[in-house]
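Let's take a walk through this one together. Keep the viewer open, and we'll go from the loops to the helices and their charged pairs.

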Amino acid sequence: VLTNWQQLIDSSLRRVGLKEPPSWLMSYTMTGVGAADCRKFLRSAMHLAQRTHGGIHSVIIDGVADLVVDPNDPEECFPLVTELHALAIEYNTTIISVLHMNPGSDVKGRGHLGSQLERKSESNLSLTKDNEITTITSTKQRGKPIPKDSAPSFQWSDEHGMHRSCGTPESKKQGAAKVTFNWSVFAPLMPKKSEPGMPLSILSRRLSVNQPITPKQLFSALA
């Protein structure tokens, strides 16, 4: 039986049509590891990635609450967020943190950890599920918001064995045809093997300049 981590890697590879992970993908499971050791491991993994590949494209922490003992303890959570911010600057990369919402809330991240991440992050994306369709919105970020009526969404596909983009509420309402993009669109914009890693923010800007693609279409393509 595959673990959740193995299932995530498997579905990611199938999504891009690969049988084996590329050499630059460094993925780890830290299930059962204590919070302090998780933080040490994160620093070591980023150092190894920088040394091995000459740069880091992005870091995804799923979920960031495992890096603290108590997400409601400000004395523990605030230094963690400061440390993540410092690591992003040191390695010139983007750190994406996944955090559950507070119970009963669709907009507030869990505990003091969620509050501090919300204040310090460049963008805060909220995922809400309704009738098996998950919608990605954003009202708290430094750039343009993503309102619900034009937000990208996705749902599980039994046919493909993974989540698939299902457009936006706006496109469904207007009956508009969904615009899709394949890997060939993005490949020329990705850093070459001889180049250092590229933060997602820079990649997004490069994409919008070189390709006639809107932010909504980009989110739909990556969902």
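Where does G63 lie? G63 is in the loop between β1 (58–62) and α3. The peptide bond leading into this glycine, from D62 to G63, is cis, with omega near 0 degrees. Before going on, a word on what you're looking at: this is a predicted model, where local features need pLDDT of at least 70, side-chain atom pairs count only at pLDDT 80 or more, and totals for chains, interfaces and linings use all residues. Residues are numbered from 1 along each chain as its sequence is written, and side-chain values use heavy atoms, with hydrogens and water left out.

Now the overall layout. The protein has eight helices and six strands, and from the N terminus on they run α-α-β-α-β-α-β-β-β-β-α-α-α-α. Those labels are DSSP runs numbered from the N terminus: helices are H or I with at least four residues, strands are E with at least two. Of the 223 residues in the protein, 32% are buried. Here, buried means under 20% relative accessible area, exposed means over 50%, and partly exposed is in between (1.4 Å probe, protein chains only).

Follow the chain past the cis bond and you get to helix α3, residues 74–90. Its 17 residues reach 24 Å from the first C-alpha to the last, close to the 24 Å expected at 1.5 Å a residue (the expected span is 1.5 Å times one less than the number of residues). In α3, the buried residues are E76, C77, L80, V81, E83, L84, L87 and A88. Looking down the axis of α3, these buried residues fall within an arc of 160 degrees, so they line one face of the helix; the arc is that of the directions from the helix axis to the C-beta atoms. The general rule behind such a pattern is that an α-helix has 3.6 residues a turn, so residues three or four places apart point the same way. On the other side of α3, E75, T82, I89 and E90 are exposed.

One of the buried residues, E83, has a charged partner. The side chains of R43 and E83 meet in a salt bridge, 2.2 Å from N to O. By salt bridge we mean a side-chain nitrogen of Lys or Arg within 4 Å of a carboxyl oxygen of Asp or Glu. This pair links distant parts of the chain, with R43 in helix α2, E83 in helix α3, and their positions 40 residues apart. E83 counts as buried because its relative accessible area is 18%, while R43, at 35%, is partly exposed. Salt bridges that share partners join R39, R43 and E83 into one network.

The structure holds four salt bridges, so let's visit two others. D10 pairs with R14, the closest N and O atoms being 3.1 Å apart. Because they are four residues apart in helix α1 (residues 4–16), D10 and R14 are separated by about one helical turn. D10 is partly exposed at 35%, and R14 is partly exposed at 38%. Further along, E132 and K129 form a salt bridge at 3.6 Å, N to O. E132 is exposed at 54%, and K129 is exposed at 58%.

Between those two sits a backbone oddity, N131, in the loop between β3 and β4 (133–141). Phi of N131 is near 55 degrees, a positive value in a residue other than glycine, and N131 is exposed at 66% relative accessibility. N92, in the loop between α3 and β2 (94–98), also has a positive phi, near 50 degrees. For context, most residues other than glycine have a negative phi, and most peptide bonds are trans.Last stop: S121, in the loop between α4 (111–120) and β3 (123–130). The side chain of S121 reaches the backbone oxygen of L117 at 2.6 Å, a polar contact (a pair of N or O atoms within 3.5 Å; within protein, one must be able to donate a hydrogen and the other to accept it, and residues adjacent in sequence count only if both atoms are side-chain atoms). S121 counts as partly exposed because its relative accessibility is 23%.
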